[in-house]
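I opened the notebook to record what I looked up, one topic at a time. My plan was to begin with charged pairs and then turn to the nonpolar parts and the strands.

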Amino acid sequence: MSVLITNALILPCSPDMPVIERGYVHIEGDAIKAVGSGPAPQIPGAEIIDTDGDLIMPGMVNPHCHMAMSLFRGLGEDVDDRLYRYILPLERKFVRPEAVRAGTALAALELIGGGVTTVADMYYFETEVGRVVDKAGIRGVLGQTLADFDPPDHNSFDEGFALVEQLVAEFSGHDRIIPSIAPHAPYSTGMAVMERVARWADDHPGIPVQMHLAETDAEMAWAAKLGGLRPVEAVEKAGLLRKGLICAHCLYVNDSDMEKMAHARVCVAHNARSNGKAGRGIAPVEAMRKAGIPVGIATDGPMSGNTLDLFSQFAPVSMFQKLLGHSRKPMPSVEVIRMATIEGAKVLGLHEKIGSLEPGKKADLIRIDLSAPRMQPIYDIYSTLVFATMPTDVRDVMVAGQWLMRGREVLSLERKKVLRDALQVASAFKAEMARIDAAG
C-alpha cells in the first residue's frame, strides 16, 4: 500500500524539531518513504490524502499506564482510604482475565482516540492485555506486574515469574508488542525479589524492566530503614539500576540519584497530572533531562489520573516546571512535544523505529484538525498543542501504515461492545461497593 499525505502542516519531531509549513508524507507499506516541503511528488497508484492544512505529526507515546484500571476511573474519589476500602478488595474479587480484557479495550479505545499510538503498561494478567493491544493495532511495551500485596493473578513470586515467562513466550518477536517484566516498586517487592528480577533480566537481554520508583514518602521511609538508603540506591544495590529500566514517577530524586540514573542509562516516565492529583509533589524533570536522563510524558493509570488523554498532561508538565523555576522560561512547549514523541520513544528504547517522521521509520502518525476557535490564531504550533489542543481534535490515526482511526471513527475496535463490556464490570463493582458500605 502506498499513501501520499499532502498539503499538511508537518511536525517531524526529528532532532532539531523543525516545522514544515506546507508539505507531504509518503508512506510505503508500514514505513515512511519520504517527508518533504512544498508540492508532493507524483506517486503512481498512491492513495492521495489532501489534509487542507491539517497537522501531521508522529503518534504520541505514553510510557507508563495501567490500562485495565480504566474500570476504576472515578471510583471512590473523595474517600481517604479508597485504596484499602475499595480498590484492593475489588481487584482481588473481580480482576480476572475477562475484566482485564474489558478494561484494556476501553483504554485502547481512549488512547487511539487521543492520538496515542504506543503505550507502556504494567498490570496483572498481562498476556490478556497483550492480546487486546494486538487487536487494537497499537504498539505496547507490556509488563507483567510482580508484587507482594496479594495481587489477583499470583499468590507467590514464583507464580508471578511464571506469568512473565508466559508473556515473553507469546509475544517475543511480535512486530508491535514487546513483553516486559514489571516489579511493582522497591517497597512492594523487596531487595531479594529485585535481585531476582536483575538476574532474570541478565538471562533475558533486550527485555525491558518497568517499575515505580521514588514515588511516595512511605517508599522513602522504607529505603531509609535499609541502612539509610534512598530508593534509587536500593535499586542500584539490588543490581537493577541498568539500561532498559523504565522508572515511573521519580518525584524524590536528588543530584546524586540523578547522577546514578544517568550513568546507568535508565529512563523516566513522568506523570505530572497523577502526581499533582495525589498531592505528592513535582518531579524535577528539567534537572533530570539536564543530567542526561530521557523523560517521557505519561498518564499513569486511569484510577490515578482519570484520563488517558496525553494532551491534558502537557500543560501541567510545563506549568509545574515553571512553578519550580518561578519563571515562564522553564519547559518550553517545544520540549513538551519532544517528550511526548521522540523522547518518549527513547524512554521505551524504540526511538530508532518510531517517535519521529523520518524516512525508514515506521508509519505511526496522527492528523489533527486545527480549525477549532480555541486553537486560532496559531503563532507557535507547539504552544497550541500544549495549551489548547484536545483529543477531539485528533482526526486520523495510523500505526505501521494501517489506519486505526479515520474521521474520528476507531476502526480496530467495536465501540459499542467495548463500552458494554466495561459497564458490565462496573455494575459488579458498584454492587460490591454498596455491600462494603453497608457492612461499615
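**Entry 1: charged pairs**

I started with the salt bridges, and the count comes to 28. I kept in mind that this is a predicted model. As background, I noted that side chains of opposite charge can pair when their charged atoms come close.

I first looked up Glu77 and Lys277, whose side chains meet in a salt bridge with an N to O distance of 3.0 Å. Glu77 lies in the loop between strand E6 (60-65) and helix H1 (82-94), while Lys277 lies in helix H10 (residues 272-277), so this pair ties together parts that are 200 residues apart in sequence. I also checked how open the two ends are: Glu77 is partly exposed, with a relative accessible area of 30%, and Lys277 is partly exposed too, at 39% relative accessibility.

Next I looked at Glu128 and Arg101, which form a salt bridge through their side chains at 3.0 Å, N to O. Because Glu128 sits in helix H3 (residues 126-136) and Arg101 in helix H2 (residues 97-113), the pair ties together parts that are 27 residues apart in sequence. Is Glu128 buried or exposed? I found a relative accessible area of 13% for Glu128, which counts as buried because the cut-off for buried is under 20%. Its partner Arg101, with 35%, is partly exposed.

The third pair I looked up was Glu432 and Arg435, with a salt bridge of 2.8 Å, N to O, between their side chains. Both residues belong to helix H17 (residues 415-439), where they are 3 residues apart and so separated by about one helical turn. Glu432 is buried, with a relative accessible area of 8%, whereas Arg435 is partly exposed at 46%.

I closed this entry with a network of salt bridges that links Glu47, Asp54, Arg367, Arg395, Asp396 and Arg406.

**Entry 2: nonpolar cores**

I then turned to the largest nonpolar core, which has 120 residues, and noted that Phe72, Met261, Met288, Phe314 and Ile368 touch the most other members. Helix H2 gives the most to this core, with 10 residues.

Which residues does Phe314 touch, leaving aside those up to four places away in sequence? I listed Met60, Ile297, Val336, Ile337, Ala340, Leu385 and Val386. I also found a second, separate core of 15 residues, which includes Val3, Ala8, Ile27 and Ile32.

**Entry 3: three strands**

I followed the strands next, and saw that strand E1 (residues 2-10) runs antiparallel to strand E2 (residues 20-28), with 6 bridges joining them. Within this pairing, Ile5 has Val25 in E2 as its bridge partner.

E2 is also joined by 6 bridges to strand E3 (residues 31-37), again in an antiparallel arrangement, and here Val25 stands opposite Val35 in E3. E2 and E3 form a hairpin with 2 residues between them, and in the turn Gly29 has a positive phi of about 65°.

**Entry 4: a nonpolar patch on the surface**

Last, I looked at the surface, where Ile282, Leu323 and Leu324 form a nonpolar patch with about 260 Å² of accessible area together. I placed Leu323 in helix H13 (residues 311-325), and I noted that Leu323 counts as exposed, at 55% relative accessibility.

Technical notes:
Residues numbered from 1 in each chain as written. Predicted model: local features only at pLDDT ≥ 70, side-chain atom pairs only at ≥ 80, totals over all residues. Heavy atoms only, no water. Salt bridge = Lys/Arg side-chain N within 4 Å of Asp/Glu carboxyl O. Helix = DSSP H or I, 4+ residues; strand = E, 2+ residues; numbered from the N terminus. Buried < 20%, exposed > 50% of the residue type's maximum accessible area, 1.4 Å probe, protein only. Core = buried A, V, L, I, M, F, W, Y, C linked by side-chain atoms within 4.5 Å. Contact = heavy atoms within 4.5 Å. Pairing = 2+ DSSP bridges. Patch = residues over 30% accessible without salt bridge, like charges linked within 9 Å, V, L, I, M, F, W, Y side chains within 5 Å. Areas by Shrake-Rupley, 256 points an atom, 1.4 Å probe, with all protein chains shown as cover.
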